[in-house]
Amino acid sequence: MGLQGTISPYVGNLSFLVLLNLSHNSFHGHLIPKIGHLRCLRVLILKDNLLEGVIPASLYHCQTLQAICLSYNKLRGVLPKFWLSNLTSLHFLYLGMNNFTGTIPPPLVNNSKLLHLGLHLNNLHGSILDEIGNLQNSEAIVLEANNLNGTIPSSIFNISSLRVLALDTNSLSGTLPSTFGLQLPNLWKLYLSANQLSRSIPSYLSNCSQFTILELSYNQFTGPIPAGLGHLEYLQVLSMRVNQLENLELSFLTDLTRCRSLKSLDIGNEKPKKVVPGWNQLEQSIPTEICLLANLGEIALQKNNMSGPIPSCIGNLFNLQIMFVSSNQLSSSIPSSLWSLENLLFLNLSSNSLQGNLHANMRALKMLQSIDLSGNRISGKIPTVLGDFQSLSVLNLSKNSFSEAIPEQLGDLITLDYLDLSHNNLSGEIPKSLVALSHLHYLNLSCNKLSGEIPRRGRFANFTAASFVDNGTLYEQPIWEVPEAENVMPSMHIYIVFFVKYKLGKLERLPQTLINSYKLVNYEEVLHSHVSCSSYGIMLLEMLTRKKPTDDMFVGELSLRQWVKASTPYKIMEVIDGNLLRTEQGNDAIAAQVMVAHVGDFGIAKILVINKTATQTKTLGTLGYVAPECGSKGKVSRRGDIYSYGIMLLEMLTRKKPIEEMFVRELSLRQWVKASIRYKIMEVIDGNLLRTEQGNNAIAAQGDVLAIMELELECGKELPEERIGIKDVIIKLNKIKSQML
């Protein structure tokens, strides 16, 4: 009714009141103590409100009460023994969905007149009392979702009037009696899921001929599924998922075809934490008799060893809404009749061996919300009719053999949230229509043969490089116009390379140009050779490529400058002289193939617009060198270049790679250096780097080494905004250079 506020204490003045029903409102506060004044009250219904506190002790005086319903509130405390013992006329007690604690009080189970007992969804603990068998006239006992433990008293299975028994989602253990079912001819619904019950399922279970719901999932039952389940002609729900059932044969499915009311069949599995022999492993093929279950609304047979085809008669299950048959060994093609199931909501056939094509004449299922066909061997085109599945939010066709282009019609799936087409043989361009998918939060098109430009608009602006890796000639539109003297990482690296080689004794002296007039040279100036053809520009190109302008290869229109320009930025390592970047051990400092720094880790492979300080990139970089924000978000910035440069500098000075085995868990190369910088700095510096051929220290002043390390630590801070700026780096480099020379 929408009433609010507290329950008025003046209700207690209605001394002749027989029924009080204030359910489905928003009353809050405590249950008034004056309710005990209602000595004629027979029915009290206050369910679905916001009442809190404890049940008042004054309720003890309402001895004529026959029904109490306080479910779906916020009541708390223990269940009082004294007032329950005085309410001898009580037939119905519903206290579920509250916060009651403590144990089940003995007076509650000694009331032989009690017909319905509902204590579900509370925090009751302890065991179920043996005296519960005294409820000989009870029709419903609902104790689900508490913290009850111990065994189920055998006396509860002798209550012949029982219609509903719900003990699921507790911690009950032990076994079911072998005579289970012999004394329960009227039982309709049995809920025992999510406990720790073990041993075999009683064979007399089928004697409960009135069964409509049988839920035994998430226990530790062993042995076979008992025969005779087909006698349960009223059975609507059968759930035995995640047990340790053995010697399962699909003959029981044939038996179940006589259960014409069956709506949900769940014999599926979830991956166990440890290997359990015979873990609900159904084998053989799905029998065609399953198609006789015309009322079936759910099939869950996932994670078994079922093989063979999906029955072509599956289309007869016109009420089917959920079909989970993933992680089996099903083969052959998906029958076309499956696409006639107009009520289907969720379809998961993933991780099987299904083959063939998706039928071009498949019908659009307007209600289908999720399709997962991943991990099969399906080939051919992706049908354009998929664009007519108006309610689809999840489409996973990954790890198949789909070929040709992605249909433009997928852009019509306006409710699509998840799209995975990775690991196929798809080609052509990414359809521009996908940009219109405003609800798309996950996209994976990796590992295909796609080409053309990656869209930037719409949700595509949020997707990282991981969504597009390992494709043919797929590219992101480059952003040019590099600000002059901003991207100077290559020039710093050139200086460091020459300086280290000089200190190793591989060069008699540093190039005089670098010593006397160290000029800031950006990416365009060095690798694109956008400097004028001066002797200085040509000299830099000669040092980097070990090629001379007069070499025989440069004839006609091809010059050294044009050769370098044509090879960058994607073939950079083909023009740089390998010996220039090779260490004494023969390892390539920049171009090594496995787990070392690459040019892509620096800004020279990411071109930024003048008014942009960060952008997303499809180049993820190399683990250990790439900045944290680039690795996690696919974003590149000048501050990220600073980080990568600092790591490379550390590697050259310590001869330690950031991915060596010693750097595990919380210990990184940077942290190792940082911990030693004050007192053990000479222990982390590579000794060969500091020693000349004559055995003298090339760097005698520990202060100079400390300055280099401190510069690196400023470059390699975790947060981009805390890293030193590029201009300050250059100033400090020049200062250190002048001190060391």
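**Notebook: ring pairs, cysteines and one helix**

I began with the aromatic side chains and found that Phe460, Phe463 and Phe468 are joined by ring pairs into a cluster. I note at once that I am reading a predicted model, and that the count of aromatic pairs comes to five.

Among these pairs I looked up Trp339 and Phe389, whose ring centres lie 6.4 Å apart with the planes at 75°, so I enter the pair as edge-to-face, the angle being over 60 degrees. This pair links distant parts of the chain, since Trp339 sits in the loop between strand S26 (329-330) and strand S27 (346-348), while Phe389 sits in the loop between strand S29 (379-380) and strand S30 (394-396), 50 residues apart. I then checked the accessibility of both partners: Trp339 is buried at a relative accessible area of 2%, and Phe389 is buried at 0%.

Next I turned to Tyr418 and Tyr442, where the ring centres are 4.4 Å apart and the planes stand at 15°, so this pair is stacked. Tyr418 belongs to strand S32 (residues 418-420) and Tyr442 to strand S34 (residues 442-444), so the pair ties together parts that are 24 residues apart in sequence. Here I found partial exposure for each ring's residue, with a relative accessible area of 26% for Tyr418 and 33% for Tyr442.

I went on to the cysteines, asking myself how many disulfides the count comes to. The count is one disulfide, formed by Cys291 and Cys313 with their sulfur atoms 2.0 Å apart. The link of Cys291 and Cys313 is right-handed, with 75° about the S-S bond. Cys291 lies in the loop between strand S22 (264-266) and strand S23 (298-300), and Cys313 in the loop between strand S24 (307-308) and strand S25 (322-324), so the disulfide ties together parts that are 22 residues apart in sequence. I recorded both Cys291 and Cys313 as buried.

Why does Cys62 not bond with Cys40? The closest cysteine sulfur to that of Cys62 is in Cys40, at 9.6 Å, which is too far for a bond, the cut-off being 2.5 Å. Cys62 is buried, with a relative accessible area of 0%, and I also entered Cys69 as buried, at 11%.

Last, I tested the geometry of helix H10 (residues 638-654): at 1.5 Å a residue its 17 residues should span 24 Å, and I find the end C-alpha atoms 25 Å apart, which agrees. H10 is mostly covered, with 15 of its 17 residues buried. Just after H10, I noted that Arg655 takes a positive phi of about 60°.

Conventions. Residues numbered from 1 in each chain as written. Predicted model: local features only at pLDDT ≥ 70, side-chain atom pairs only at ≥ 80, totals over all residues. Heavy atoms only, no water. Helix = DSSP H or I, 4+ residues; strand = E, 2+ residues; numbered from the N terminus. Expected span 1.5 Å × (residues − 1). Buried < 20%, exposed > 50% of the residue type's maximum accessible area, 1.4 Å probe, protein only. Phe/Tyr/Trp six-rings, centres within 6.5 Å; stacked < 30°, edge-to-face > 60°.
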